[in-house]
Amino acid sequence: MPYDDPDPTDPNMLVGVEIPGTAESTRDMAYVFAEEFARMGFNKTKLLRVFQTPFYAGAHRAYLELGDTEVEKIIDECLGIWGRKNSLAQSA
Amino acid sequence: MPKVWNWQLGRGMEYPYDAAFPKRQFAFVFNINRCIACQSCTMACKSTWTFNKGQEHMWWANVETKPYGGYPQFWDMKILKLLDEANPGGQVWNKSNGSTSSPQAGSAQFDGMTIFEAAKKKLTPESARVLGYLPEDHEWNSPNIYEDNPKGIKGKKYELDKEGTELPIHKTWFFYLARICNHCTYPACLAACPRKAIYKRPEDGIVLLDQEQCRGYRKCVEACPYKKTMYRGNTRISEKCIACYPRVEGTDPETKGKPMETRCMAACIGQIRMQGLVKMNTNGTWAEDRYNPLYYLVHVAKVALPLYPQLGTAPNGYYIPPRWVPRPYLHQMFGPGVDAAIERYMNPDRELLAVLQLFRRSNMIIVSYKFQEGPKIYEGTLRGKPVSIYNDTVIAYGKDGEELFRTTIDEPIHERPALHANSI
């Protein structure tokens with residue numbers, strides 16, 4: 001586990017060049033996660049949790065950038081197509 | 001140096017040994033669009049194969065945050081930089097030379113140098129066969145260095161950090177790249193080993209390292225561009241991913257004699273992974289096997305692409321590229337097929353949608369599938385584009401033609417009771 005952050009003055013440290021995404025790339029990312037997990041059968045509550053949990057950094061970044069309302073709109077749109085799945089609760 | 005055919009490059013290339021191909025080849029497809037970096041695969045592998053003393057730094061399976069993280073640190077940037085130094089400005093794909101005459105043909109020809117070809121120009125002595133580098137110890141420190149690993153307070157090891165964890169926040173795009181050994185058709189590790197301790201199994205193409213023959217020269221560690229062979233200090237020999245071969249060959253007791261997917265595949269909760277065996281032609285291309293799901297995804301739908309094909313090892317790991325990532329980065333990572341692959345994945349036809357349903361419905365290796373049309377169940381729009389969904393059925397078959405499972409596009413979801421929510 002690294003305890004030190006990368007040292008930018010270290011001549012052996014490669015420095016990446018940021019490739020900026022398009023204005024739409026965050027929205028695209030949000031759509032991808034919403035659609036993929038809706039396909040897997042996640043309902044609205046579970047999908048929202050993927051976006052709201054900071055440990056799912058990709059979805060969470062989209063959530064922070066786009067905001068609650070926009071993410072919910074994306075989720076609703078994806079669930080409109082994929083959200084008709086039947087949930088069967090198994091017995092213990 | 002002998003010349004071999006590399007279909008991923010669309011041309012022949014130099015390789016230190018004559019071409020020799022297995023009957024069937026271990027291969028896999030990872031759908032990056034679904035990966036949330038939960039690291040279940042990483043831990044499934046770790047807890048099975050690399051939990052012993054001396055293996056602490058070994059992560060045969062890992063998930064790294066691209067473009068920020070990497071294991072070992074900067075592995076891909078470093079080999080790409082070495083290649084660019086060997087062939088400045090020449091590492092390009094020539095789209096005008098691409099052929100679409102056969103399913104195996106790529107959309108372009110690679111005009112640059114592979115790690116085998118660049119070795120001649122860049123390396124001395126002559127015995128050096130593969131361009132590569134040996135990572136330093138600190139580069140192996142973490143499976144996703146500086147990325148999604150929480151870190152504690154500096155200087156306080158082995159203590160719980162009560163303040164919580166610290167995670168990096170990126171200001172721009174990123175995605176998660178899950179990696180294991182690619183069990184390459186032209187393995188660089190095998191080419192570089194002076195002891196001939198590394199071999200490719202004729203029955204399934206799995207690349208193994210004979211620990212009795214290995215003397216720990218680390219030529220394989222230096223040569224593998226994906227850095228998936230690793231040196232173990234306390235035994236002084238190298239080790240690598242063994243593709244969970246007892247499962248793949250059906251000798252693990254859990255398999256009950258049938259080919260089963262590896263531990264990292266089986267543990268994938270994001271359902272991004274599918275692994276199997278593909279039939280090979282005698283020239284090293286994949287034999288036509290239309291209803292093998294891997295053949296379909298790679299050669300028919302062409303949505304799954306090899307990782308850094310320009311390195312020249314003909315890796316057998318294929319990736320459905322992430323839809324939201326800037327194309328220049330994806331072109332570098334997956335080659336010239338990226339645009340078409342994303343277009344098809346974003347607008348899947350009925351068969352592709354059905355084949356995507358096969359991912360992780362079973363831990364057994366799917367040998368073939370059958371597609372059955374069903375009724376239309378939805379018509380509407382997604383992001384302004386018309387979408388029609390049909391409740392088609394896909395049936396998966398195993399080694400002896402037995403039905404493994406069948407599922408529909410609109411399949412029911414089974415939820416575990418709270419009492420057993422986390423039991424596997």
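**Reasoning from geometry in a predicted model**

B:Pro67 sits in the loop between strand 4 (62-66) and helix 2 (75-86) of chain B. The model is predicted, with ipTM 0.75 and pTM 0.91.

Reader: What is the form of the peptide bond from B:Lys66 to B:Pro67, and what is its omega?

Author: The bond from B:Lys66 to B:Pro67 is cis, and its omega is near 5°.

Reader: Which residues are joined by a cis peptide bond with omega about -5°, and where is B:Pro72 placed?

Author: That cis bond joins B:Tyr71 and B:Pro72. B:Pro72 is located in the loop between strand 4 and helix 2 of chain B.

Reader: What is notable about the phi of B:Lys227, and where does the residue lie?

Author: B:Lys227 has a positive phi, about 55°, although it is not a glycine. Its position is the loop between helix 5 (219-223) and strand 10 (229-232) of chain B.

Reader: How confident is the predictor in chain B?

Author: The average pLDDT of chain B is 90, and 92% of the residues score at least 70.

Reader: Why is the pair of B:Trp7 and B:Tyr318 called stacked?

Author: A search of the whole structure yields 22 aromatic pairs over all chains. For B:Trp7 and B:Tyr318, the ring centres are 6.4 Å apart and the planes stand at 10°, so the pair is stacked. Rings count as a pair if their centres lie within 6.5 Å, and planes under 30 degrees apart count as stacked.

Reader: What makes this a link between distant parts of the chain?

Author: B:Trp7 belongs to the loop between strand 1 (3-6) and strand 2 (11-14) of chain B, whereas B:Tyr318 belongs to strand 14 (residues 317-320) of chain B; the two are 311 residues apart.

Reader: Why is helix 1 of chain A called oblique to helix 4 of chain A?

Author: The axes of helix 1 (residues 25-39) and helix 4 (residues 68-82) of chain A come within 9 Å and cross at roughly 40°. That angle makes helix 1 of chain A oblique to helix 4 of chain A. Angles under 35 degrees would count as roughly parallel, and 65 to 115 as roughly perpendicular.

Reader: What is the handedness of this crossing, and which residues meet there?

Author: The crossing of helix 1 and helix 4 of chain A is right-handed. Among the residues of helix 1 in contact are A:Arg27, A:Tyr31 and A:Glu35, and those of helix 4 include A:Glu70, A:Ile74 and A:Trp82.

Reader: How do the residues of this contact divide by type?

Author: The contact of helix 1 with helix 4 of chain A comprises 9 nonpolar, no polar and 5 charged residues.

Terms used:
Residues numbered from 1 in each chain as written. Chains lettered and ligands numbered in written order. Predicted model: local features only at pLDDT ≥ 70, side-chain atom pairs only at ≥ 80, totals over all residues. Heavy atoms only, no water. pLDDT = per-residue confidence, 0-100. Axes fitted to C-alpha atoms, helices over the stretch in contact; angles between N-to-C directions. Helix = DSSP H or I, 4+ residues; strand = E, 2+ residues; numbered from the N terminus. Parallel < 35°, antiparallel > 145°, perpendicular 65-115°, else oblique. Left-handed = near helix turned anticlockwise from the far one by under 90°. Contact = heavy atoms within 4.5 Å. Nonpolar A, V, L, I, M, F, W, Y, C, P; charged D, E, K, R; others polar. Phe/Tyr/Trp six-rings, centres within 6.5 Å; stacked < 30°, edge-to-face > 60°.
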